[in-house]
Amino acid sequence: MIRIVVDTDPGVDDALALILALRSPRAQVMGIGTVAGNVEVESATENALKVLRLLGRAEVPVAQGCAAPLVEPFHGAHGVHGRDGLGDCGLPPSGLRPSAEHAADQLVRLAREWEGALVVVALGPLTNLATALLKDPRLPGRVRRVVAMAGAFGVSGNVTPAAEFNVWADPEAAERVFSAGWPLTLVGLDVTRQALLADEHLERLAGAPGPVPPFVQAIVQAPMAFAAARSGLRALALHDPLAMAIALDPTLASDAPELPVAVELRGAWTRGATLADRRSQPAERGLGPARAQVCLRADVPRFLAAFLETLAG
Ligand code: BDR
Ligand code: CA
């Protein structure tokens with residue numbers, strides 16, 4: 001049984017990742033922290049609470065976190081995820097409240113309570129994690145592992161030609177998280193872009209019982225329409241669900257070497273870009289000391305099959 005804390009900005013794919021975690025027999029979700037990213041932090045909080053209400057899991061604490069990145073203003077990704085972050089499909093309010101704690105304080109507290117045991121799964125901008133590192137500089141030694149949906153190492157970005165959204169949204173926070181010295185796994189666009197939810201999958205879900213299949217059908221419509229308009233492909237990239245699945249089952253990452261990594265904080269066109277030094281002898285003119293396991297390949301068919309099974313209940 002893995003004890004996890006999820007830091008997230010729901011977000012349609014975040015909501016699907018939460019369902020995966022909350023339904024996993026391998027995981028116990030100890031707490032959820034929310035962060036401004038895809039939507040304002042208040043909407044992210046309400047969306048996490050809506051998922052808990054849907055699954056009848058109101059006992060899982062949700063702590064609201066940072067409302068803006070460390071340095072630059074908040075931008076959001078409303079064009080993809082809808083004004084409300086769950087595809088503007090008219091879901092009723094959760095009727096639930098977050099806890100009084102800040103998400104960074106919740107993370108620091110849980111890491112102390114479960115010293116050495118917690119897996120932190122970060123699915124949004126890394127502002128809360130960076131803030132928690134400031135609050136407790138010994139945090140890296142207290143957690144078992146951090147798995148972050150972050151970066152684009154050998155592929156182009158999704159917000160700019162160079163940068164992936166979660167890193168681009170708060171590059172300074174990402175830089176601190178990358179160099180904190182904890183065991184870090186980065187699940188970036190290199191693999192998540194290959195995990196696509198398409199209409200054929202939704203059709204398979206259609207007859208499944210319970211409240212999850214209609215919820216999924218409703219929330220994915222807006223981002224799928226966005227993708228169709230932008231690229232001609234009507235599909236939802238399962239960025240956060242794949243990162244969550246790899247956190248729960250690391251064998252899904254079929255190629256994940258440990259490499260020196262860095263975040264570009266300057267650059268006229270490359271702010272928020274992520275680099276991994278894949279040279280065989282990276283000592284010469286290399287990156288800084290930060291290292292992470294960088295997912296370059298994943299068993300996407302196995303992930304998709306298990307993911308659809310979980311959604312179908
Ligand atoms: C990441 O950005 C967000 O829009 C998604 O929720 C995911 O976490 C993908 O770049
Ligand atoms: Ca996200």
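**Close-up views of a predicted protein model**

**View 1. Helix α5 and its covered residues.** In α5, the residues Thr127, Asn128, Leu129, Ala130, Thr131, Ala132 and Leu133 are buried. Here, buried means under 20% relative accessible area, exposed means over 50%, and partly exposed lies in between, with a 1.4 Å probe and protein chains only. With 7 of its 9 residues buried, α5 is mostly covered. Helices are DSSP runs of H or I with at least four residues, strands are runs of E with at least two, and both are numbered from the N terminus. You are looking at a predicted model, in which local features need pLDDT of at least 70 and side-chain atom pairs count only at pLDDT 80 or more, while totals for chains, interfaces and linings use all residues. Residues are numbered from 1 along each chain as its sequence is written, chains are lettered from A and ligands numbered from 1 in the order in which they are written, and side-chain values use heavy atoms, with hydrogens and water left out.

**View 2. The calcium ion (ligand 2) and its protein donors.** Which residues hold the donors of this ion? They are Asp9 (OD), Asp14 (OD, listed twice), Leu123 (O) and Asp240 (OD), and they lie 2.3 to 2.5 Å from the calcium ion. A donor is an N, O or S atom within 2.8 Å of the metal, or 3.2 Å for Na, K and Ca; water is not among the atoms, so a site may look incomplete. Along the sequence, the donor residues follow the spacing D-x4-D-x108-L-x116-D. Leu123 and Asp240 link distant parts of the chain, 117 residues apart: Leu123 is in the loop between β4 (118–122) and α5 (127–135), and Asp240 is in helix α12 (residues 239–248). Are Leu123 and Asp240 buried or exposed? Both of them are buried.

**View 3. Ligand 1 and the residues around it.** The residues around ligand 1 are Asp13, Asp14, Asn38, His81, Leu123, Met149, Asn158, Glu164, Phe165, Asn166, His239 and Asp240. A residue joins this list if one of its heavy atoms lies within 4 Å of the ligand. Helices α1 (12–23), α7 (165–169) and α12 each supply at least two residues of this shell.

**View 4. Polar atoms beside ligand 1.** An N or O atom in the side chain of Asp14 is 2.9 Å from an oxygen atom of ligand 1. A polar backbone atom of Leu123 is 2.9 Å from an oxygen atom of the ligand. For Asn166, a polar side-chain atom lies 3.0 Å from an oxygen atom of ligand 1. Taken alone, ligand 1 exposes 280 Å², and the protein buries 95% of that. Such areas come from the Shrake-Rupley method with a 1.4 Å probe.

**View 5. A cis peptide bond at Pro10 and Gly11.** The peptide bond from Pro10 to Gly11 is cis, with omega near -5 degrees. Gly11 is in the loop between β1 (2–8) and α1. For background, most peptide bonds are trans, and most residues other than glycine have a negative phi.

**View 6. Asp88 and its positive phi.** What is phi for Asp88? It is near 45 degrees, a positive value in a residue other than glycine. Asp88 is in the loop between α3 (78–81) and α4 (103–113). With a relative accessible area of 44%, Asp88 is partly exposed.

**View 7. Arg3 and Trp114.** Arg3 lies in strand β1 and is partly exposed, with a relative accessible area of 24%. Arg3 and Trp114 are 111 residues apart in sequence and 8.5 Å apart in space, C-alpha to C-alpha.

**View 8. His201 and Leu308.** His201 has its place in helix α10 (residues 199–205). At 8% relative accessibility, His201 counts as buried. From C-alpha to C-alpha, His201 and Leu308 are 7.6 Å apart in space, with their positions 107 residues apart in sequence numbering.

**View 9. Ala163 and Asp240.** Ala163 is in the loop between β5 (145–149) and α7. Ala163 counts as buried because its relative accessibility is 0%. Ala163 and Asp240 are 77 residues apart in sequence and 16 Å apart in space, C-alpha to C-alpha.

Technical notes
Polar contact = N/O pair within 3.5 Å; in protein donor to acceptor, adjacent residues only side chain to side chain.
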